[in-house]
Number of protein chains: 2
Amino acid sequence: VATTPDFVTYPSDVAVADAVCHDRWVEVTWTDRRSSRFHHLWLRDNCPCPSCVAQITREQTFEILAVPAGLTPDAVERTRVGDLFVRWPDGHESIYDTGWLRDHVYDRADPHTRSSTRSTPRTSWDSSSFSAPPTFDATAVMTRDDALHDWLVALSTFGCTRVRGLPDDPDVVGELAARIGVVRHTNFGVLWDVKSEPDPITNANTSLRLPPHVDLPTREYQPGVQFLHCLVNDATGGDSVLVDGLRVAEIVKAESPAHFRTLTTVPWNWANRSRTSDYRWSSPLIVLDGHGEMSEIRVGNWLRAPLVDVGFDRVEEAYEAYRHLFEVTYRKDLVVQFRLVSGDCMVFDNRRVLHARTGFDPNSGPRFLRGCYSEREEVESRLRVLKRAGQDGSTHS
Amino acid sequence: VATTPDFVTYPSDVAVADAVCHDRWVEVTWTDRRSSRFHHLWLRDNCPCPSCVAQITREQTFEILAVPAGLTPDAVERTRVGDLFVRWPDGHESIYDTGWLRDHVYDRADPHTRSSTRSTPRTSWDSSSFSAPPTFDATAVMTRDDALHDWLVALSTFGCTRVRGLPDDPDVVGELAARIGVVRHTNFGVLWDVKSEPDPITNANTSLRLPPHVDLPTREYQPGVQFLHCLVNDATGGDSVLVDGLRVAEIVKAESPAHFRTLTTVPWNWANRSRTSDYRWSSPLIVLDGHGEMSEIRVGNWLRAPLVDVGFDRVEEAYEAYRHLFEVTYRKDLVVQFRLVSGDCMVFDNRRVLHARTGFDPNSGPRFLRGCYSEREEVESRLRVLKRAGQDGSTHS
């Protein structure tokens, strides 16, 4: 079997049946009678041989400028085991593993059906979907890869989860995050406290009610995953609230396409100022990806800066759309309200799901959460590696 | 003087001369005879009083849904000291500091002239601009705020700098980065080594020639600032190369608007795979900001994954444009090649400036660099705080 240029194997019931060289591409017919076209340069670029790919790092050393633009194979054929063989005019020979090649077919009617960076389809939710986030056992998640996998799939699908039964240790939230991957550092530190303080640098560290928001909308790259570990919650008030920003966006779009367009195009200003830092960013409240789907939402009432980047003529439109969006985040049929208890950790997609808390009375009892941030791509990377380890063919087409 | 809703003061020679309430906005005439319009909701939203803004955190507690959409002041007037006073129908009263208000005028012909997130205009460069990056003294940068300021302005302007004279300490690169702000953690660690290794997880840790690239194009958020501290460079070969990606983009655009369009619209696939991680992303090679200017470039030949997200019909166009871009990065009149010596640290905008190295002979002598990452917004935040400290009016309009 030919090598593949990554750490994944590609078991496949389907093999190359035939290969024909056309002017601009090679046409491969598979043993299941489907056929796929691969451009000459694409094939040359993806040669996995030891002189094109450093075998230890699996990183390419071949550079596309080493061959002419109009490169055409001298010969193409099916190997004895059903891989694709190509010989190039300079004598270079490439062999493409049949499973790898089948997995990388790009000759399809709708290329967008292939999502190469998001492993799990998202499902939007509201208050009728559940009364608390999908919940997972801390010990299982920390010790078993299948439990880790199931937790991360839920996180990817719904954007919110709860891990229950963590030990009473103020640093364990970092260990939970490290089970996925790298923890993000910010000016708030690696792990940070949420508690009422006399001299807070953020409204989070007061006893104030916090309206639905994401954390750090003031940064170009909002943290993709947020962890909030409840160490103690004995105060009166201080319930937790989650709202699915994906559902919020769907509703605003359905109720007013014009507002939705405004929300995706008018840049709002953001500022996170303290005595020692001054972060600012400018971004629409809803950002779409290349396929027109919501990539992220930015809502954080107290972190907005004066709206100055948009120009006079769109300011009223901007406020009208913002009011609509903000109003939807408060709707009873969208809000999931619940109470964190000691040992609970809320883990959610901070670029999709808004969180909030009801105000609390700091004199009625202690309330102390400890949190940290990570990124969506850490979740996706961990899921890919878990799938490699448990590779059973189910993850490959 | 009225309070301002942030930690900045706004000294101003200009004051409010008069204020008139119109249907949808307040028109302010200034003592320099200019006039500016402020929408009613914008003014209400930006009231800095203690019941609207938490005075310790300087973060807003007022929410825009607390007032009706068609809100109109009951009274507007100039205060005795030249601030703006507004009384609202519910009796709430707002006073806007005249310097703050003047600084936040958004009623201008071209709102895009106001760049709220980039402090310094960029200047593109080539090999005729300098023979090595603008160089700064390590001791000065580490100990004096004015030297820190000048270094960061150069970094922001040119996207590349060199700090010279760092001690022979493998951890000092982290201290240099911390002088700016938060250091970014990745799967490569906080500080990472660049040296030839027997079992590398990246081509960087071989003795191979590295073509011009950015680090981590495989991540959604490429690190904005890269630090490379040279501890020893006694090998034959291993020179450093920098190319301004901003200039590269300008040249490609001038030579072929069609290629430029392809580069800004066709998503390439990226992968950074190791035995324990598997990061992937999909993005055009050149990303534009909301004003149509280059926000970032993604070039890293050995970190590209097979092109699969774009669809069959655009693959040849994608390769043609990529070849053009890649060819430009090699042009002699763009490349600045120099040699790092012990104590040098290259600090550059990793989303703008490509770096490369010539191959070296690992048996000819040791070569050991140590690096870390930070973000553009850490630079901008530090610059804003430095300007606050040295506030002399020059940073305000």
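**Exercise 1. Find which residue stands opposite A:V241 in β22(A), and place the pair in its sheet.**

Step 1. A:V241 faces A:A356 in β22(A). This is a predicted model, in which local features need pLDDT of at least 70, side-chain atom pairs count only at pLDDT 80 or more, and totals for chains, interfaces and linings use all residues. Residues are numbered from 1 along each chain as its sequence is written, chains are lettered from A and ligands numbered from 1 in the order in which they are written, and side-chain values use heavy atoms, with hydrogens and water left out.

Step 2. Look at the two strands: β15 (residues 240-244) and β22 (residues 353-357) of chain A pair in the antiparallel sense over five bridges. Strands (E, at least two residues) are DSSP runs, numbered from the N terminus, and two of them pair if DSSP finds at least two bridges between them.

Step 3. Now widen the view. In chain A, four strands in the order β12-β22-β15-β20 make an open sheet with antiparallel pairing. At its edges stand β12 (210-213) and β20 (336-338) of chain A, each with a single partner strand, so one side of each has no neighbour in the sheet.

**Exercise 2. Work out which residue of chain B forms a salt bridge with A:R209, and whether each partner is buried or exposed.**

Step 1. A salt bridge is a side-chain nitrogen of Lys or Arg within 4 Å of a carboxyl oxygen of Asp or Glu. The partner of A:R209 is B:E63, with the closest N and O atoms 2.5 Å apart.

Step 2. A:R209 lies in the loop between β11 (192-194) and β12 of chain A, and B:E63 in the loop between β5 (59-60) and β6 (75-78) of chain B, so the pair joins two chains.

Step 3. Buried means under 20% relative accessible area, exposed over 50%, and partly exposed in between (1.4 Å probe, protein chains only). A:R209 is partly exposed at 43%, while B:E63, at 10%, counts as buried.

**Exercise 3. Describe what rotation superposes chain A on chain B.**

Step 1. Copies are superposed by least squares on the C-alpha atoms of residues with pLDDT of at least 70 in both. A rotation of 180° with 0.0 Å of shift along its axis does it, with RMSD 0.0 Å. That is the relation of a two-fold axis.

Step 2. Check the interface, where contact means heavy atoms within 4.5 Å. Of the interface residues of chain A, 99% are also interface residues in chain B, so the copies meet through the same surface.
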